[in-house]
Amino acid sequence: MNNSNESNPRKKHKANDGRLFTMDCAHDVNAGNTNDSGGFSPSFSERGDDSTEASPKNNKTQLDRMEEMMMRMEEKLATVSSLESRCEELERKCSSLENMLESTSKATKKHIDEKIDGKCDSLANRLEAKVEEVHKQVERSLKLHEHNEMLIKNQSWEYSAALPSMDHLVHDGGYTADEVAYLTETAEELKDLTTKMRRGEFPHDWNGNLKGIYMETSDSGDPPFNYAVNTELLPHWNEFAAALKQFTPAIKLLPDNCESYFSFYFVQLNHDAMYLVYEALMGMPFKMLDFTNNNNGDGARGGMSVDAILDVVESNKHLRKLVIGRNQIGSQHIERLCSAVRNHHLVELD
């Protein structure tokens with residue numbers, strides 16, 4: 001039985017290093033070449049040499065490629081590192097810009113707020129001043145309206161109390177000469193004061209900054225007059241009190257630098273006349289009240305009682321000065337006087 005390897009002209013042999021090579025017996029025999037022994041010498045072709053020589057080249061090429069890849073990777077890594085550095089720098093710049101923007105925004109906002117606040121304050125002050133000016137104009141217009149209404153109502157007014165004649169007082173009334181003089185003079189003064197108030201005029205004016213009503217019917221040397229004598233003047237006191245009661249619009253119309261006052265100096269009143277005046281004075285905005293020697297007690301000379309005076313004071317929130325000299329002030333009046341000074345901001349008490 002023939003071996004298949006022997007019949008195959010191409011035989012494979014294994015080299016010492018383990019690589020295979022082929023020996024071609026059919027084609028590599030040189031028939032014409034003989035040796036001394038007369039045989040032929042086969043020629044072996046080691047075809048495996050080509051692959052053996054190509055393998056180191058391929059290995060070198062692969063190493064080169066790997067080195068190139070490594071170099072490219074290093075370059076890319078360097079590029080990434082550079083980009084990271086640039087990103088960090090950009091982040092720092094962005095952070096710095098954010099801080100600058102925030103600081104600038106705060107400063108700008110503060111500046112704008114201050115500007116707006118300043119303008120708002122200025123506008124508020126101007127508006128407040130304008131509102132106050134308008135308020136004053138409206139208030140003065142209302143005061144003028146009230147004053148004009150008072151004058152219109154008084155156009156048809158007439159003094160209703162008759163002035164007593166001396167003959168009537170002497171012959172029919174049986175009054176003494178002093179009593180007649182007192183009655184006629186007081187009646188004429190009451191009519192004059194009443195007429196001026198009905199016209200919206202202040203009976204007395206001192207230097208333009210002090211306007212008011214002043215009445216003096218007797219002095220300390222005059223004898224006291226009895227109740228019947230003062231009762232004769234009651235119709236005139238009724239006219240006076242009615243005119244006084246409607247005189248408030250004239251007082252309100254006075255400028256701020258002008259003070260109004262009401263003064264009774266040695267005025268004799270019986271109880272009925274005193275009540276008429278007391279009722280008219282309640283709540284009237286006089287800044288000064290003067291009641292000198294006005295007693296309405298057990299003494300012979302009568303006038304506004306201290307209790308009545310204190311009632312008037314407590315009803316007047318505009319009062320700044322009170323004069324109550326030569327009046328019978330008792331211990332029961334002291335507390336009310338102190339309260340009036342404290343609550344009504346009196347700057348002068350005499």
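This note sets out, point by point, selected features of the predicted model.

1. **Nonpolar core.** The largest nonpolar core has 55 residues, and those that touch the most other members are Trp237, Phe240, Leu244, Phe262, Phe264 and Met304. Helix 4, which spans residues 177–198, makes the largest contribution to this core, with 7 residues.

2. **Largest pocket: volume and lining.** The volume of the largest pocket is about 580 Å³. Its lining is formed by 19 residues, and those nearest the pocket centre are Lys143, Lys252, Leu254, Pro255 and Asp256. Helix 2 supplies the most to this lining, namely 6 residues. Helix 7 (248–252) and strand 7 (259–265), like helix 2, each provide at least two lining residues.

3. **Lysine 143.** This residue deserves a separate remark, since two features meet here. Lys143 is among the lining residues nearest the centre of the largest pocket, and lysine 143 also forms a salt bridge with glutamate 139, with 3.7 Å between the closest N and O atoms. Both partners belong to helix 2 and are 4 residues apart, about one turn of the helix. Is lysine 143 buried or partly exposed? With a relative accessible area of 22%, lysine 143 is partly exposed; the cut-off for a buried residue is under 20%. Glutamate 139 is likewise counted as partly exposed, at 35% relative accessibility.

4. **A further pair on helix 2.** Lysine 136 and glutamate 132 form a salt bridge through their side chains, at 3.8 Å from N to O. These two residues also lie in helix 2, separated by 4 residues, or about one turn of the helix. Glutamate 132 has a relative accessible area of 42% and is therefore classed as partly exposed.

5. **Nonpolar surface patch.** Val134, Val138 and Leu142 make a nonpolar patch of about 240 Å² on the surface. Leucine 142 is located in helix 2, which runs over residues 48–153.

6. **Salt bridge between helices 9 and 10.** The structure contains 10 salt bridges. One pair for the reader to inspect is arginine 336 with aspartate 311, whose side chains meet at 2.6 Å, N to O. Arginine 336 is in helix 10 (residues 331–343) and aspartate 311 is in helix 9 (residues 306–314), so this pair ties together parts that are 25 residues apart in sequence. Arginine 336 is partly exposed at 22% relative accessibility, and aspartate 311 is partly exposed with a relative accessible area of 25%.

7. **Salt-bridge network.** The contact described in the preceding point is part of a wider arrangement: Asp307, Asp311, Glu314 and Arg336 are linked in a network of salt bridges. In general, side chains of opposite charge can pair when their charged atoms come close.

8. **Backbone at phenylalanine 266.** Which backbone angle calls for attention at phenylalanine 266? Phi is positive, about 55 degrees, although phenylalanine 266 is not a glycine. The residue is found in the loop that connects strand 7 with helix 8 (271–281). Phenylalanine 266 has a relative accessibility of 3% and therefore counts as buried. Strand 7, at one end of this loop, is also one of the elements that supply at least two residues to the lining of the largest pocket.

Key:
Residues are numbered from 1 along each chain as its sequence is written. This is a predicted model: local features need pLDDT of at least 70, side-chain atom pairs count only at pLDDT 80 or more; totals for chains, interfaces and linings use all residues. Side-chain values use heavy atoms; hydrogens and water are left out. Patches are made of residues with over 30% relative accessible area and no salt bridge: like charges are joined within 9 Å, nonpolar side chains (Val, Leu, Ile, Met, Phe, Trp, Tyr) within 5 Å. Accessible areas come from the Shrake-Rupley method with a 1.4 Å probe; for residues, only the protein chains shown count as cover. A salt bridge is a side-chain nitrogen of Lys or Arg within 4 Å of a carboxyl oxygen of Asp or Glu. A nonpolar core is a set of buried Ala, Val, Leu, Ile, Met, Phe, Trp, Tyr and Cys residues joined through side-chain atoms within 4.5 Å. Buried means under 20% relative accessible area, exposed over 50%, partly exposed in between (1.4 Å probe, protein chains only). On a 1 Å grid over the protein atoms alone, a cavity is a set of points where a 1.4 Å probe fits but cannot get out, and a pocket is an open set with protein on both sides within 12 Å along at least five of seven lines; lining residues have an atom within 4 Å of a point. Grid points are joined across faces, edges and corners, and a volume is the space filled by probe spheres set on the points.
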